[in-house]
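Reader: I'd love a close look at one part of this structure: the place where the two chains meet. Could you walk me through it, and then point out a few local details worth a glance on screen?

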Protein chains: 2
Amino acid sequence: MCQLLGMNCNTPTDIVFSFEGFRRRGGLTDHHADGFGIGFFEGRGVRLFHDDKPSAHSPVADLIRAYQIKSENVIAHIRKATQGQTSLANTHPFMREMWGEYWLFAHNGHLKNFFPEIGQYYHAVGNTDSERAFCYMLEQLRTRFPERPDTDALFEAVKELTKEIREYGLFNFMMSNGDYLFAHASTLLHYIVRKAPFGEAHLLDDDVSIDFAAVTTPNDKVAVIATLPLTANEQWSQLAVDELVMFYQGDIVRRDRPEPPVYMGTEEGLEIARAVGVSV
Amino acid sequence: MCQLLGMNCNTPTDIVFSFEGFRRRGGLTDHHADGFGIGFFEGRGVRLFHDDKPSAHSPVADLIRAYQIKSENVIAHIRKATQGQTSLANTHPFMREMWGEYWLFAHNGHLKNFFPEIGQYYHAVGNTDSERAFCYMLEQLRTRFPERPDTDALFEAVKELTKEIREYGLFNFMMSNGDYLFAHASTLLHYIVRKAPFGEAHLLDDDVSIDFAAVTTPNDKVAVIATLPLTANEQWSQLAVDELVMFYQGDIVRRDRPEPPVYMGTEEGLEIARAVGVSV
């Protein structure tokens with residue numbers, strides 16, 4: 001089972017606490033043995049780390065912990081290869097430039113027979129369904145909008161494209177341009193928005209606690225999005241099946257949720273992954 | 001003075017020895033205090049590290065040493081900011097996808113009033129002359145060739161574009177798609193091709209030696225390209241002013257050298273940099 005982790009905040013925030021729990025799932029507490037990737041926006045720039053070593057044992061992951069990079073938008077992915085060989089070119093998150101901005105994308109799931117026509121602007125380098133989906137999404141956006149459109153138009157377009165692509169299979173994804181972070185659930189995706197008053201949190205996968213009050217200011221707002229909740233003593237919300245949300249500065253600012261919403265149980269989500277032999 | 005470092009080989013090779021000498025120039029033996037970047041091709045993928053800390057003191061540079069990444073094509077850059085603010089978005093090497101391949105580009109120099117029309121395919125994210133030059137180069141190549149052309153046509157096109165851009169000022173650059181590595185000198189650029197019989201080399205900037213015979217096989221061919229020679233006891237060749245070369249598997253396979261060639265003295269090259277207040 002691949003896992004996704006994202007963060008969207010109103011102030012540059014250190015993701016180390018969440019990343020520690022997340023990366024433990026890469027080889028210690030779970031079975032993600034095919035590498036990982038993480039991208040941090042810093043202003044308009046992106047710091048991108050890919051590793052084909054399991055994240056629990058990766059020196060790159062050690063560096064991330066030691067370096068305490070602060071970012072307003074982060075997307076990370078632990079990979080269990082299901083499509084395409086394990087190689088650096090197939091490691092999420094993928095990055096492209098659109099409208100003079102870098103965009104990051106990570107996916108877990110499996111898109112069956114998803115081979116869209118090769119685009120004019122964006123071509124996949126590796127051979128995953130995920131990178132093809134990202135390139136297709138950007139190609140359609142770029143074709144439709146020569147410049148970045150307003151928030152409503154952007155959300156509507158991503159919504160339409162998401163509906164189109166998810167017809168091909170499981171399409172849990174996160175995508176960000178450094179301002180917005182889109183998150184879409186086919187099966188399992190959870191989030192939490194931490195804001196004042198901040199309390200203490202305890203990692204599920206590790207004997208580690210953090211007192212957020214000590215490392216934040218009262219105005220901070222930090223959304224963390226992950227396949228499964230990372231902490232034991234906080235209330236995580238779940239995205240409904242086929243729900244798309246758009247985060248901005250730590251808040252959900254746009255939302256497309258099917259009515260009535262259906263929430264997938266964790267076991268059911270994991271079972272679906274096992275049944276089709278792919279990642280959740 | 002910014003500095004460039006590149007490597008092009010016929011077998012995945014560890015660049016740590018050269019990088020150690022190079023990175024020492026970032027804050028210890030030279031005055032590059034504005035960060036550095038290095039990109040490694042691994043197959044079709046790219047591992048990209050950027051840091052806004054001086055390379056001599058950077059934990060990212062420490063990781064690169066510890067990790068001993070093997071690559072057939074590497075481009076690195078130590079930056080002394082002269083154009084644009086120091087930020088991650090302005091840190092070389094820059095990366096874009098073209099023809100389903102990642103391309104890396106690093107530049108030292110200064111292009112005066114270089115503001116080409118905004119392209120259809122490639123937009124700068126930061127605000128450096130260097131990234132604009134890279135985007136312009138790709139834009140023109142992509143417009144001319146929907147797919148990657150043959151080696152001759154590619155070299156001819158890069159040659160023409162280089163001549164066009166260098167009219168705007170100092171344009172020392174390296175560019176690679178993971179197969180080819182282009183290197184162009186406006187002022188100072190040196191290279192060495194190491195092949196059997198391998199000997200011992202001694203770093204200029206550091207009390208470090210390496211016996212290449214112990215870490216290579218007889219068929220290895222490794223070209224290292226750098227602003228200034230990195231070793232004391234080897235014979236480096238210099239690129240002539242306005243010379244463009246294309247490396248492939250450790251050999252120069254195409255070359256465009258003005259006749260008669262003019263070779264710039266190191267002091268003269270450094271003086272030009274100082275005189276215009278920009279990087280060499």
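Author: Gladly. Across the interface of chain A and chain B there are 12 residue pairs in polar contact, counting pairs in which both residues have pLDDT 80 or more; that cut-off applies because this is a predicted model. On chain A, the side that touches chain B draws at least two residues from each of β3 (45-51), α2 (59-67), β5 (94-98), β6 (101-111) and α3 (129-144). Of these elements, β3(A) gives the most, with seven residues. Sorted by class, this side of chain A has 17 nonpolar, five polar and 11 charged residues.

Charged side chains also pair up across the boundary, and the count between chain A and chain B is two salt bridges. In one that you can find on screen, the side chain of Glu97(A) meets that of Arg96(B), at 3.6 Å from N to O.

Now for the extent of the interface. In terms of contacts, 33 residues of chain A touch 33 residues of chain B. The area buried between chain A and chain B is about 2800 Å², and carbon and sulfur atoms give 54% of it. Three residues are good ones to highlight here: Tyr67(A), Leu88(A) and Val125(A) supply 21% of the area that chain A buries against chain B, more than any other three residues.

How do the copies sit relative to each other? A turn of 180° with a shift of 0.0 Å along the axis lays chain A on chain B with an RMSD of 0.0 Å. The two copies are therefore related as by a two-fold rotation axis. If you would like a landmark for that axis, look for Tyr121(A), whose C-alpha is the nearest to the axis in chain A, at 3.0 Å. The interface residues tell a matching story: 100% of those in chain A are also interface residues in chain B, so the copies meet through the same surface.

With the interface in view, here are the local details you asked for. Start with strand β9 (residues 190-195) of chain A, where you will find Arg194(A). Arg194(A) has a relative accessible area of 7% and is therefore buried, the cut-off for that being under 20%. Its side chain makes a polar contact of 2.8 Å with the side chain of Glu234(A). Leaving aside residues up to four places away in sequence, the residues that Arg194(A) touches include Phe17(A), Phe212(A), Asp220(A), Lys221(A) and Trp236(A).

Next, two proline peptide bonds in chain A. The bond joining Ala196(A) and Pro197(A) is cis, with omega about -5°, and Pro197(A) lies in the loop between β9 and β10 (200-202). Another cis peptide bond joins His92(A) and Pro93(A), with omega about -10°; Pro93(A) is in the loop between β4 (70-78) and β5.

Last, a backbone detail that appears in each chain. Gln249(A) is not a glycine, yet it has a positive phi of about 55°. Gln249(A) is placed in the loop between β14 (244-248) and β15 (251-256) of chain A, and with 39% relative accessibility it counts as partly exposed. In chain B, Gln249(B) has a positive phi of about 50°, and its place is the loop between β14 (244-248) and β15 (251-256) of that chain. Gln249(B) counts as partly exposed too, at 38% relative accessibility.

Conventions
Residues are numbered from 1 along each chain as its sequence is written. Chains are lettered from A and ligands numbered from 1 in the order in which they are written. This is a predicted model: local features need pLDDT of at least 70, side-chain atom pairs count only at pLDDT 80 or more; totals for chains, interfaces and linings use all residues. Side-chain values use heavy atoms; hydrogens and water are left out. Contact means heavy atoms within 4.5 Å. Buried area is the accessible area (1.4 Å probe) that two parts lose on being put together, summed over both. A salt bridge is a side-chain nitrogen of Lys or Arg within 4 Å of a carboxyl oxygen of Asp or Glu. A polar contact is a pair of N or O atoms within 3.5 Å; within protein, one must be able to donate a hydrogen and the other to accept it, and residues adjacent in sequence count only if both atoms are side-chain atoms. Helices (H or I, at least four residues) and strands (E, at least two) are DSSP runs, numbered from the N terminus. Ala, Val, Leu, Ile, Met, Phe, Trp, Tyr, Cys and Pro count as nonpolar, Asp, Glu, Lys and Arg as charged, and the others, Gly among them, as polar. Copies are superposed by least squares on the C-alpha atoms of residues with pLDDT of at least 70 in both. Buried means under 20% relative accessible area, exposed over 50%, partly exposed in between (1.4 Å probe, protein chains only).
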